[in-house]
Amino acid sequence: MTGGGTMTGAINLGDNVKANFGASNDLEIFHGSGHSFIVDTGTGNLNIKGSAAVKIQSAAGEDMFTANTDGSVELYHNNVKKF
């Protein structure tokens, strides 16, 4: 069976409804109990890749962590680089 296609619009899932990926459902993304989760229970690494810097930001867009291509790592507190 082949798949593919284009989707437009949003997918709305209720609390505690999981988006499962992989033949053994070993990657889950869900929200529930006031928290959001990305859970990888398979073998191997959970890799997050970016073509430039990889950032973790607050919901308000404030920097918390930045990993820059080819080297440096930056840690922030209250959107101010500390390390």
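**Group meeting: a nonpolar patch and a four-stranded sheet**

Let me start with leucine 46, which lies in the loop between β3, residues 35-40, and β4. Before going on, note that this is a predicted model.

Is leucine 46 buried, partly exposed or exposed? Its relative accessibility is 48%, so leucine 46 counts as partly exposed, given that the partly exposed class runs between the 20% and 50% limits. Leucine 46 also belongs to a nonpolar surface patch of about 520 Å². The other members of that patch are Phe21, Ile29, Ile38 and Ile48.

Next, the sheet. Four strands make up an open sheet, ordered β4-β5-β6-β7, with antiparallel pairing. At the edges are β4, residues 54-57, and β7, residues 80-81, each of which pairs on one side only. Strand β6 covers residues 73-77 and is joined to β7 by 2 bridges, the two strands running antiparallel. Histidine 77 has valine 80, in β7, as its bridge partner.

Staying with β6, that strand also holds glutamate 74. Why does glutamate 74 count as buried? Its relative accessible area is 15%, and buried means under 20%. What does the side chain of glutamate 74 make a polar contact with? The partner is the side chain of asparagine 68, at 3.1 Å.

Asparagine 68 also appears among the contacts of glutamate 74 once neighbours within four places in sequence are set aside. The rest of that list is Met64, Phe65, Thr66, Lys81 and Phe83. Of these, Lys81 falls in the edge strand β7, residues 80-81.

That is what I have on the patch and the sheet.

Terms used: Residues numbered from 1 in each chain as written. Predicted model: local features only at pLDDT ≥ 70, side-chain atom pairs only at ≥ 80, totals over all residues. Heavy atoms only, no water. Pairing = 2+ DSSP bridges. Patch = residues over 30% accessible without salt bridge, like charges linked within 9 Å, V, L, I, M, F, W, Y side chains within 5 Å. Areas by Shrake-Rupley, 256 points an atom, 1.4 Å probe, with all protein chains shown as cover. Salt bridge = Lys/Arg side-chain N within 4 Å of Asp/Glu carboxyl O. Buried < 20%, exposed > 50% of the residue type's maximum accessible area, 1.4 Å probe, protein only. Polar contact = N/O pair within 3.5 Å; in protein donor to acceptor, adjacent residues only side chain to side chain. Contact = heavy atoms within 4.5 Å.
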